[in-house]
There are 2 protein chains.
Amino acid sequence: MNKIDIKYLAKELNLAISTVSRALRDSHEISAATKAKVFALAEQLNYEPNPNASGLRGQKTKMIAVVIPDMVNDFFSLVISGIEKITQSKGYHILLYFTHGDHELEVSFIKTLASGRVDGVLLSMSSENNNRHYLGELEKKGIPLVMFDRVCDTLQHGVKVTSDNYESAIIATRHLVDAGCKKIAYLQVPKNISVGKVRMQGYLDALKKHSFQTAPLVLESTNDNEETFEALKQMLLREKPDGIFASIEKLAVICYRVCEKIRLKIPEDIKVISFSNLQTASLLNPSLTTITQPAFDIGETAANELFNLINKKDKSLAVERNVVLKSRLVKGRSTARY
Amino acid sequence: MNKIDIKYLAKELNLAISTVSRALRDSHEISAATKAKVFALAEQLNYEPNPNASGLRGQKTKMIAVVIPDMVNDFFSLVISGIEKITQSKGYHILLYFTHGDHELEVSFIKTLASGRVDGVLLSMSSENNNRHYLGELEKKGIPLVMFDRVCDTLQHGVKVTSDNYESAIIATRHLVDAGCKKIAYLQVPKNISVGKVRMQGYLDALKKHSFQTAPLVLESTNDNEETFEALKQMLLREKPDGIFASIEKLAVICYRVCEKIRLKIPEDIKVISFSNLQTASLLNPSLTTITQPAFDIGETAANELFNLINKKDKSLAVERNVVLKSRLVKGRSTARY
DNA sequence: GATATTTACGGAAACGTTTCCGTGAATTTG
DNA sequence: CAAATTCACGGAAACGTTTCCGTAAATATC
């Protein structure tokens, strides 16, 4: 029942505390014989260093924070899996935070994280139109930050990992055009987040370049699914588009339900494509054509970028770096020519 | 650029360190006037207490660990969301670990967690047939443990949160019988984990009681999806069951793919039911009948149970407690009578 | 009005590490 | 072989809190 700490090991081995500490960290100023003895006893007694003590002394916690909106779709699950692969290999730990799209909560998380709880932060922002002054707190304390997917486009410096949303949106829109669509609607994400804006810009530009459609047709959704369901139903009945481009997975799912409700057949009456990482997209009725982001890869890349910052000697965070990964088009029956 | 710690606040206010500390913790032995001053300055300077220091001193970290196999399906995402709701409200932090089904990794996680990194552990085991001696490390250090879903059935003491797997398996099997199935196959999870065993027992007992089927038909799957795909294909071709009961979601997905491959129509040729938390189950082709576990609720409950242990005065962990939550049957077209 | 209690605060120890500084002994150097 | 360096380790400070113990003044008790 005795707590086994370095002091206990030292007493047991008739060594000084400092010697034991150095031995455990494999210091060169300790003889091989002594090291062996220390390792053996540590192993035998199942010694584990106290992370608070080393964290307090050395100012490094071996922990990183992952701050994301939530985990309602497969995208963030995959990102986290990618992050975990890296942290695992580096012996780091993951602290997980959900902002639930609440900007205030995000600010409060970041502020507490700036107190030395973690060595670095991975962030996918809940809303990007707010002020971003709070991110400065991290910088002030020298805690590296890497943003991914939902990044802050007005922030110049910093490392950002995203996917090619603009190009993918063009590809998606053109895919609908090629499938024969004459009137394509775009379902916009609730919040005014940058990925939504960029994707919509791709849709708009692609319409101009590749389609005969005169005016864009955009439905702004809300966070209330029922509300969005109704709005979409009205829009489909009124405007009768023959193609739907959903900017996020949830909207495609709602779209499927609306089509079922008002007896619109996919892909015969209307074709659907969506940004999505749904692993069962190919099993849907009909199988959903998706733009699939490299979610796992985004996680891995963001984590690697963060560790680069953490291990950097000089803490000049003035680096600016944009890593853009490629999404891919996965064709399903929802956009098939019939 | 000055680090703002308690010492700095104290100097600034001409107070002792101890006074500032007590004021911040709203101690009764500090006058209202002094508290106000301290709070004001702390607010103004954005003071955040150093978690390592308080953790080291007070032996409480305000963190809990969540150890799960992985996040490849929606079940664990939902569980974590439930956990997060509780930790969030208690001001706690979540450390997330994936064992990837590797028992050795799980042991090593638990061992390092026993060093005082967290105040409690939530665990869903990767494999339950191995020795469980390592769990004693936590108990020895007085760190509470709550197991959920994949619990250790041979461990007598401890708190466990599960769902009614046995009863649900009976309901699922009977549902297939009621749908007209004469030959029902059971797809067993790869590892010999307790949920799998319990569910299979429900299947076996239900067969005896509710069906005319003479012999059970069980396919043991492996972690290799391709291998399982082939095995299932052979089994379907050879045995020609007219009902499939998948013990986990992944097996249902594989089943769908196999049926597509060998042109078996669901539900006309074969009916399928599965344990699953897939949020798009109703959108599959055909919509999948599921036994849906109360995943979010499991997370909430497990977290609440853990906090009960953490806040318990006497650390006698001898409590034994089994919380069982109800799953529900969600009917889809995959088991429809035609 | 002398003693007991409460109030409000200060000083210092303690939590378990890491690391700076020091120091004899052993080894190398010129 | 004296001086310089290296080797292998010990002592103690420091990280930022929390809390035990002490204490002077203020208030309460009989």
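I began with Phe275(A) and found Arg199(A) over the face of its ring, at 3.7 Å from the ring centre. I then turned to chain B, where Arg199(B) lies over the face of Phe275(B), at 3.6 Å from the ring centre. I note here that I am reading a predicted model.

**Aromatic pairs**

I looked up the aromatic pairs next, and the structure holds 14 of them over all chains. One of them joins Phe245(A) and Phe275(A), which are stacked, with 5.9 Å from centre to centre and 20° between the planes. I checked where the two rings sit: Phe245(A) belongs to strand β8 (residues 243-246) of chain A and Phe275(A) to strand β9 (residues 271-275) of chain A, so the pair ties together parts that are 30 residues apart in sequence. Are these two rings buried or exposed? I find Phe245(A) buried, with a relative accessible area of 0%, and Phe275(A) also counts as buried, at 3% relative accessibility.

In chain B I examined the pair of Tyr97(B) and Phe109(B), which is tilted, with 4.9 Å from centre to centre and 50° between the planes. This pair links distant parts of the chain, since Tyr97(B) is in strand β2 (residues 93-98) of chain B and Phe109(B) is in helix α6 (residues 103-113) of chain B, 12 residues apart. I recorded Tyr97(B) as buried, with a relative accessible area of 4%, and Phe109(B) as buried, with a relative accessible area of 7%.

Returning to chain A, I noted that Phe245(A) and Phe275(A) form one aromatic cluster together with Tyr186(A) and Tyr203(A).

**DNA strand D**

I then asked which residues surround DNA strand D. There are 27, and the closest are Ala16(A), Thr19(A), Arg22(A), Thr34(A) and Arg57(B). I divided the residues of this surface by kind and obtained 9 nonpolar, 10 polar and 8 charged.

For the elements behind this surface, I found that α2 (17-24) and α4 (51-58) of chain A, together with α2 (17-24) and α4 (51-58) of chain B, each supply at least two residues. The largest share, 4 residues, comes from α2(B).

On the DNA side, 59% of the atoms of strand D within 4 Å of the protein belong to sugar or phosphate, and the rest to bases. I looked up individual contacts to the bases: an N or O atom in the side chain of Arg57(A) is 3.3 Å from a base nitrogen of strand D, and a polar side-chain atom of Arg22(B) lies 3.0 Å from a base nitrogen of strand D. For the phosphates I noted Asn50(B), of which a backbone N or O atom lies 3.4 Å from a phosphate oxygen of strand D.

Notes. Residues numbered from 1 in each chain as written. Chains lettered and ligands numbered in written order. Predicted model: local features only at pLDDT ≥ 70, side-chain atom pairs only at ≥ 80, totals over all residues. Heavy atoms only, no water. Phe/Tyr/Trp six-rings, centres within 6.5 Å; stacked < 30°, edge-to-face > 60°. Buried < 20%, exposed > 50% of the residue type's maximum accessible area, 1.4 Å probe, protein only. Lys NZ or Arg CZ within 6 Å of the ring centre and 35° of its normal. Near = heavy atom within 4 Å. Polar contact = N/O pair within 3.5 Å; in protein donor to acceptor, adjacent residues only side chain to side chain. Nonpolar A, V, L, I, M, F, W, Y, C, P; charged D, E, K, R; others polar.
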